[in-house]
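Me: Please walk me through this fold at the bench level. I will ask short questions and would like short answers.

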Amino acid sequence: HQQQPPAAGRCGPAHRRRTVPSILRELAEKRQLSEEIMSLLQAQFSDLPRELHSWRQMADYSPEMRQFACLLHLYHIKAYDYLRKILPLPHPYSLTNWLSNNKAAAGFSSDIFLRLQEKVERGDQACRYCAVLVQDVSLQKQQEWDPQTKQLTGFVDLGAGILDADEAPLASEAIILMAVGISSPWTAPLGYFLVNSTSGHFLAQLLRQAIHKLNNVGIVVLAVTSGASARGAETARALGIRIDPKRIQCTFQHPPGSAHSIAYFFDVCHALLLIRNALQCFQKVEWLGDTMWWQHVVELAALGEQRVLELCSPESGRAGSKGSYHLKVNLATLLFSEGVAEALEHLQKLGLASFQNCSGTVKFVRLMSSLCDVFYGRGPYGKEPLLAGNYTKISNLFDEARSCFVNLTDSVGRYIIKSKRRLGFLSFLLNAESLKWLSSNHTCPKGTPSHHLHTHAFSLDPLEQFLRALQRACGSSSPTCAVFQAAYHKLLASCSLAPSSPSSSGNASPWDVSLSQRRALTLGSIRAQYHPAPERTLAPEYPYSAGLLLPSSALSNALTDLSLYTQSLTCTAGWVAEQLALDLQCEACLASLFEADESRLRCRSVLYIKKLGGVSLPSASVHHLTSISEQVLNRYGKVGGANKNTKLWYLCLEHKVFQELLGESPLFPTLTNHLFEGELSINNHYTVLVKEITRCYLNVRTHPTQHLNLKYPCGRHKLKRLKGKHLFPSPVGSCQSS
């Protein structure tokens, strides 16, 4: 369908002597159009008619006119509105169709919007309300020739066509938009736009186009979320959001001047990173008589593992004597969590000098943890924190946070809310107002109250997961335009709009350290800043701790001391647990790797662990998995065989381990190698832990080192020296995760 240009009778005689280039120059001189955009327009559209009357004589909008209109509207809405008074340009919302494409080309995805419209027309109420997320991805600037389309690629493309003039800039990033269900966790990638440079005003116009297009298919947008960054703040202001602690305006109207309002959120994880940066820079902040010291957090992260002496209880039979246990910091613990607050309190009770007078730090961390519970839908508020019974508690929490943030001062008494480190705190204040506004003003279909809103929809997490899957498909964190578009096409082809779709969520795992940048918010990241991680080596106290004899070794057949075998297996399992703990980013999963001393108080970020020499004792589950793996290796492994170290060989061993765990006969015996094709669809924390423990142990057991002289204990006998082929853990990179 070709849209006809409107009659241009408004182009009166006074305008006929003017040309399009001269008008563009006038706008640039008045600073209503940037020099960069003016140069791009002149270079790309040199074939467009110069005279105004020639535009009136066109039968329809040519592809070049469409590109010209879309580019001008997105980059400079005021310049576009001015030119509409002179040239026969369409209404801004008429450009939406020009910014759309089939398949996976740049622009809005027509197929996704058609599928959303079909769901709405079928009466799917969960699809009626959504939030729109926006995020950017870095691209490698590279010009390439596409033999299929017979076009140069790598240039800016907003959906109306590639801007491929010789003087046109190459694209350096892709802007991606996603719709997320608010009452049901469905996600829909709406499209992407290849740009060289962008601004908050550009993103604001792009968001308005996306909202308009969603409205056209029957979906109401209730919220928009961007990163807590300079560009995100500029986007918010361009939409009409006011981020002033004395007067916060958390909604904007769409269309402008209409009665429909849309709330604005900054991503919580981005805001937490900014607050962490502020605390690190100021070192000490005060509010209403309390003091938060950053050094307390640094000392906790650096604590590592500490041996603590205590008097044994009468029940142990050794009353009066001194026993010992080991404190180990769970480095996967998030900085702003209840676990950190509990750990600081407990270490203070133990009398450690570094943690005295930390009550203010505990109070601040606990406040931030409670805020995170609300916005991530966890903890005491559950997945639906806007339940009627929670509103009063949440409102009181937001009042407490506001009182804290507006009164925070640095060491010389300057208010942080007015400093250059204010954006993280302002982001939380804006999010709190937006959440309260949604709770008070929004109702779901058929009178369903607003407490069925899921607050996770207001973070960038769903989009971050999609971007992670996109990055894996690209094989690079900074792909070229051609690689990016091919990966996007592949991902879009498998995208399902069903709730919790694996293809759209990106199959995030505990080892997915890039998700929402949460790794930068753990105690481990803080420790790495102040104390670089040492090399991964075995503790010298037990050089035989991973020294299991190879099944093919004659020495193993002569081994009669089963206690050595059991102890060595335990130590190897403990080493596997320690290796996985170095990369694991899930607090609960990390804690499950070790045998903890439950008889003592156990904080979530401080574990009480038992030791065997220098190696932590593994949990019963880790020990069981390694025992099964050892049995499989003894039964089916061909160490030193011709097929050793092939991917298929390792997969077969893993498959045998899973069979043993199931305790059943082999499943699907006819599938053979086909069983290992395709991607894993069940990828939760439980299955990932089982898989990674098995892989790491098999990797250790199947990479023998050269002959070494090792000591090992034989019951109550003296240390004997054996010279034989022993097995040591492989280097750092050997414990790979998928």
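Me: How many of the 18 residues of α12 are buried?
Reply: This is a predicted model; local features need pLDDT of at least 70, side-chain atom pairs count only at pLDDT 80 or more, and totals for chains, interfaces and linings use all residues. Residues are numbered from 1 along each chain as its sequence is written, and side-chain values use heavy atoms, with hydrogens and water left out. Buried means under 20% relative accessible area, exposed over 50%, and partly exposed in between (1.4 Å probe, protein chains only). Helix α12 is mostly covered, and its buried count is 14.

Me: What length does α12 reach from its first C-alpha to its last?
Reply: Helices are DSSP runs (H or I, at least four residues), strands likewise (E, at least two), numbered from the N terminus. The expected span is 1.5 Å times one less than the number of residues. For the 18 residues of α12 that gives 26 Å, and the model comes close to it, at 25 Å.

Me: Which residue with a positive phi follows α12?
Reply: The phi just after α12 is near 65°. The residue there is Gly377.

Me: Where is Asn357, and is it buried or exposed?
Reply: Asn357 lies in the loop between α11 (338-349) and α12. Its phi is near 60°, a positive value in a residue other than glycine. Its relative accessibility is 63%, so Asn357 counts as exposed.

Me: Why is the pair of Phe375 and Phe398 called stacked?
Reply: A pair of aromatic rings is described by the distance of the centres and the angle of the planes. Rings of Phe, Tyr and Trp (its six-membered ring) pair if their centres lie within 6.5 Å; planes under 30 degrees apart count as stacked, over 60 as edge-to-face and the rest as tilted. The centres of Phe375 and Phe398 are 5.8 Å apart and the planes are at 20°, so the pair is stacked.

Me: How many residues apart are Phe375 and Phe398?
Reply: Phe375 is buried at 4% relative accessibility, and Phe398 is buried with a relative accessible area of 4%. The pair links distant parts of the chain, with Phe375 in α12 (residues 359-376) and Phe398 in α13 (residues 388-407). The separation in residues is 23.

Me: How many aromatic pairs are in the whole structure, and what kind is Tyr264 with Phe266?
Reply: The search finds 13 aromatic pairs. The ring centres of Tyr264 and Phe266 are 5.5 Å apart with planes at 75°, so this pair is edge-to-face.

Me: Which residues do ring pairs link into a cluster?
Reply: Ring pairs make this cluster. Its members are Tyr192, Phe466, Phe484 and Tyr488.

Me: Which residues line the largest cavity, and which helices each supply at least two of them?
Reply: A cavity is a set of points on a 1 Å grid over the protein atoms alone where a 1.4 Å probe fits but cannot get out; lining residues have an atom within 4 Å of a point. The lining consists of Cys269, Leu272, Leu334, Leu335, Phe336, Cys372, Tyr376, Arg378, Arg518 and Leu521. The helices that each supply at least two are α9 (268-282) and α12.

Me: How much space lies in the largest cavity?
Reply: Three cavities of 30 Å³ or more turn up in the whole structure. A volume is the space filled by probe spheres set on the points, and grid points are joined across faces, edges and corners. For the largest cavity it is about 80 Å³.

Me: What covers the buried residues of α23?
Reply: Buried residues of α23 include Trp649, Tyr650 and Leu651. Contact means heavy atoms within 4.5 Å. The cover includes α22 (620-636) and α24 (685-701).

Me: How far apart in space are Gln659 and Val632?
Reply: Gln659 sits in helix α23. At 11% relative accessibility, Gln659 counts as buried. Gln659 and Val632 are 27 residues apart in sequence, and their C-alpha to C-alpha distance is 9.8 Å.

Me: Which residues does a cis peptide bond join?
Reply: Omega is about -10° at this bond. Pro255 lies in the loop between β11 (251-253) and β12 (261-266). The bond joins His254 and Pro255.

Terms used. On a 1 Å grid over the protein atoms alone, a cavity is a set of points where a 1.4 Å probe fits but cannot get out, and a pocket is an open set with protein on both sides within 12 Å along at least five of seven lines; lining residues have an atom within 4 Å of a point.
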